[in-house]
Amino acid sequence: MANQDTQWIIIDSRVFDLSSFASLHPGGQAVLLDPEIAGQDATERFFELHRSEVLHRYARLQIGIIEGEEPQIKSHVPGALSAVPYAEPTWLSPGYHSPYYKEVFHLSSILQNLLCENKIVEDALSGKKPICLAVTEAFAGSDVQGLRCKATRTKEGWIVNGTKKWITNAMWAHYFVVACKAESGEIVILVVERGEGVQTKPIRTAYSSSSAGTAFVTFDSVRVPPENQLGAGHPGLNIILANFNHERWVLTAATIGGQRLIFEECLKWATQRKVFGKPLSSQPVIRQKLAAMISRVESCQSWIENITFQMCTMSAKEQARHLAGQMSLLKMHATRASQATAADAVQIFGGRGITQTGMGRFIEHYHRTLLIDAVGGGAEDVLADLGIRQAIRIFSSSSIVI
Ligand SMILES: Cc1cc2nc3c(=O)[nH]c(=O)nc-3n(C[C@H](O)[C@H](O)[C@H](O)COP(=O)(O)OP(=O)(O)OC[C@H]3O[C@@H](n4cnc5c(N)ncnc54)[C@H](O)[C@@H]3O)c2cc1C
C-alpha cells in the first residue's frame with residue numbers, strides 16, 4: 001500500500017508502516033515512493049543501503065508480518081561468537097582443534113589471589129580506582145632512557161617533579177605508574193596517587209575520543225611513600241622493558257581482533273552490495289583483497305599463539321632473552337598488516353569507507369584511528385630495529401660463519 005499518506009513496505013517478511021517516518025528518512029522521501037520500493041518487498045534494496053541495526057532501531061514501525069513467512073535475515077547478537085568464516089580465530093570456531101587451548105582457566109580465582117596481595121592492585125583490578133602507565137614525556141618517547149621526570153629520595157620516601165605526555169586513561173586515573181630518573185641517573189618506577197601537585201590536562205588525538213582520557217600530566221613536588229616503589233632494588237629500566245613485552249602483546253592481540261572485525265564487515269558488504277548488477281564479491285579483485293586480509297590476520301594469529309605459549313612456559317629471564325625481539329617483530333608485522341587491511345577495506349567500501357555514519361562507519365573509524373597501535377608501546381621502525389638488533393646480538397655470540 002503506497003501513497004503520500006500511507007506508506008507500507010516489506011523487509012524480510014516484516015511489514016513496516018513508514019507513513020509517520022517518511023518525511024524524516026535521511027535518504028529523502030522520494031526513494032520511499034519509488035514504485036519498486038513503496039508497497040513492495042524492499043528487502044534487497046534495503047540491505048544494499050542499511051545496516052541491520054536500522055531495523056532494530058525502527059522496530060516500532062513494524063505493523064505485521066507476511067502470513068506463512070518467517071524472517072530470514074540474521075543479525076549479530078552482541079557478545080555472541082560470529083558465524084562468519086575467519087571472523088573468529090580457529091580455537092573459537094566449531095570443528096577446529098588447538099595445540100594451545102586445552103584447559104579452562106579460572107580467572108576469577110587468579111584475580112582473587114592478586115586482589116589479596118596489595119591494596120593498589122585491588123583498587124585497580126576491581127575498577128574502583130583507575131590506574132595508568134606514565135612513561136612517555138615530550139622529551140623522551142622511543143628513547144626511554146632519555147626521560148627527565150625527576151624522583152628525589154627523602155627520609156619519608158620520594159618527591160616527584162616533571163611531566164608526562166599522551167598518557168592514556170590519565171584524565172580518570174587515581175594512580176599513575178610513573179617512570180622517573182633518580183639523582184643517581186637510574187630509572188625508578190613509582191606509583192603516584194592523585195593528590196596535591198598532580199594535574200592532568202586532556203590531549204586530543206586522532207585516536208582518543210573523550211573516553212580514552214589521554215592527558216598531559218604534571219607532577220609538582222608530589223610526595224610518594226617508599227612502599228610505592230615498584231621492584232625496589234632492581235633496575236627500573238628492566239621493569240619497564242619487562243612490561244613492554246606484555247603491553248605489546250595486548251596491543252597486538254587487539255590489533256588482530258580489529259583486523260578480524262574489519263574482514264567480517266568486508267565479507268558481509270561484498271556479498272550484500274551490488275554493482276553493475278552483480279554482488280561486489282563476484283569481482284576477482286575484491287576476492288583477492290579478502291584473501292590477503294585473511295592471510296595477514298591468520299599469520300599474526302599463529303605467531304601470537306606461539307609467543308603466548310612461550311610466555312606461559314619460559315622464566316622471566318628467558319622471556320627477556322628470547323621473546324623481546326619476537327614480540328617486537330610481531331607487533332610491527334601486525335600493525336603493518338592492519339594498515340594494509342584498512343586500505344583494502346576502504347577500497348571495498350568506496351565512499352562509505354571514508355564516511356563517519358552508515359554502512360562503512362566501522363571502516364572509517366578503523367582507518368582513522370588504527371595508527372595508535374603502530375606508535376603506542378613502541379613505534380614500528382623502532383620495534384623492527386630492536387628485533388633485528390637482538391637477533392644480531394644472539395647470532396654474533398654464536399661464532400657461526402657462512
Ligand atoms: C594516543 C596515544 C596514547 C598513548 N598512551 C601512552 C601511555 O598510556 N603511556 C605512555 O607512557 N605513553 C603513551 N603514548 C606514547 C607513545 O608510547 C609514544 O608516542 C611512542 O613511544 C613514540 O614516542 P614519540 O611519540 O615521542 O616519538 P619519538 O621517540 O620522538 O620518535 C618519532 C619517530 O621517530 C622514529 N624513531 C625514533 N627512534 C628511532 C630509532 N631508534 N630507529 C628508527 N626510527 C626511530 C619512529 O618512527 C618514531 O615514530 C601514547 C601516545 C599516543 C599518541
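Which of the 24 residues around the ligand come nearest? In this predicted model, the answer is V135, T136, G141, S142 and A379, and the legends below start from that site.

**View 1. Surroundings of the ligand, with residues drawn from two domains.** Of the 24 residues around the ligand, V135, T136, G141, S142 and A379 come nearest. The shell takes at least three residues from each of domain 2 (111-230) and domain 3 (237-396), and at least two residues each from the strands β4 (131-134) and β6 (157-167) and the helices α10 (371-375) and α11 (380-396). By residue class, the shell divides into 11 nonpolar, 10 polar and three charged residues.

**View 2. Division of the protein chain into domains.** The protein chain is divided into domain 1 (8-65), domain 2 (111-230) and domain 3 (237-396). Between the C-alpha centres of domain 1 and domain 2 there is a separation of 52 Å.

**View 3. The largest nonpolar core, centred here on A134.** This core has 33 residues, and those with the most contacts inside it are A134, V160, A170, F176, V178 and L190. At least two residues of the core come from each of β4, β6, β7, β8 (187-193), β10 and α6, with β7 giving the most, namely six residues. Leaving aside residues up to four places away in sequence, A134 touches K164, I167, A170, F176, V177, V178 and V217. Apart from this core lies another, of 27 residues, which includes L267, V297, L330 and I363. As a general tendency, nonpolar side chains in soluble globular proteins are buried together.

**View 4. Helix α9 and its buried residues.** In helix α9 (residues 361-369), the buried residues are I363, E364, Y366 and H367. Seen down the axis of α9, these residues fall within an arc of 165°, and they therefore line one face of the helix. In an α-helix there are 3.6 residues a turn, so residues three or four places apart point the same way. The buried residues of α9 pack against α6 (236-272) and α8 (316-349), and I363 is also among the residues of the core of 27 residues.

**View 5. Two residues other than glycine with positive phi, N169 and S221.** Most residues other than glycine have a negative phi. At N169, however, phi is near 80°, a positive value, and N169 is placed in the loop between β6 and β7 (175-182). N169 is partly exposed, with 18 other C-beta atoms within 10 Å. S221, which is likewise not a glycine, has a positive phi of about 50°, but the place of S221 is in strand β10 (residues 215-224). S221 counts as exposed because 10 other C-beta atoms lie within 10 Å, where the cut-off for an exposed residue is 12 or fewer.

**View 6. Positions along helix α6, with L241 and A253 marked.** Both marked residues belong to helix α6, L241 as well as A253. L241 counts as partly exposed, with 13 C-beta neighbours inside 10 Å, and A253 is also partly exposed, with 15 other C-beta atoms within 10 Å. From L241 to T252, 11 residues apart in sequence, the separation in space is 16 Å, C-alpha to C-alpha. A253 and Q301, by contrast, are 48 residues apart along the chain, and their C-alpha atoms are separated by 8.2 Å.

Methods: Residues are numbered from 1 along each chain as its sequence is written. This is a predicted model: local features need pLDDT of at least 70, side-chain atom pairs count only at pLDDT 80 or more; totals for chains, interfaces and linings use all residues. A residue is near a molecule or strand if its C-beta atom, placed from the backbone, lies within 6 Å of it. Helices (H or I, at least four residues) and strands (E, at least two) are DSSP runs, numbered from the N terminus. Ala, Val, Leu, Ile, Met, Phe, Trp, Tyr, Cys and Pro count as nonpolar, Asp, Glu, Lys and Arg as charged, and the others, Gly among them, as polar. Domain bounds come from an automatic or database domain assignment. A residue is buried if 20 or more other C-beta atoms lie within 10 Å of its own, exposed if 12 or fewer, and partly exposed in between; C-beta atoms are placed from the backbone. The arc is that of the directions from the helix axis to the C-beta atoms. Two residues are in contact if their C-beta atoms, placed from the backbone, lie within 7 Å. A nonpolar core is a set of buried Ala, Val, Leu, Ile, Met, Phe, Trp, Tyr and Cys residues joined through C-beta atoms within 7 Å.
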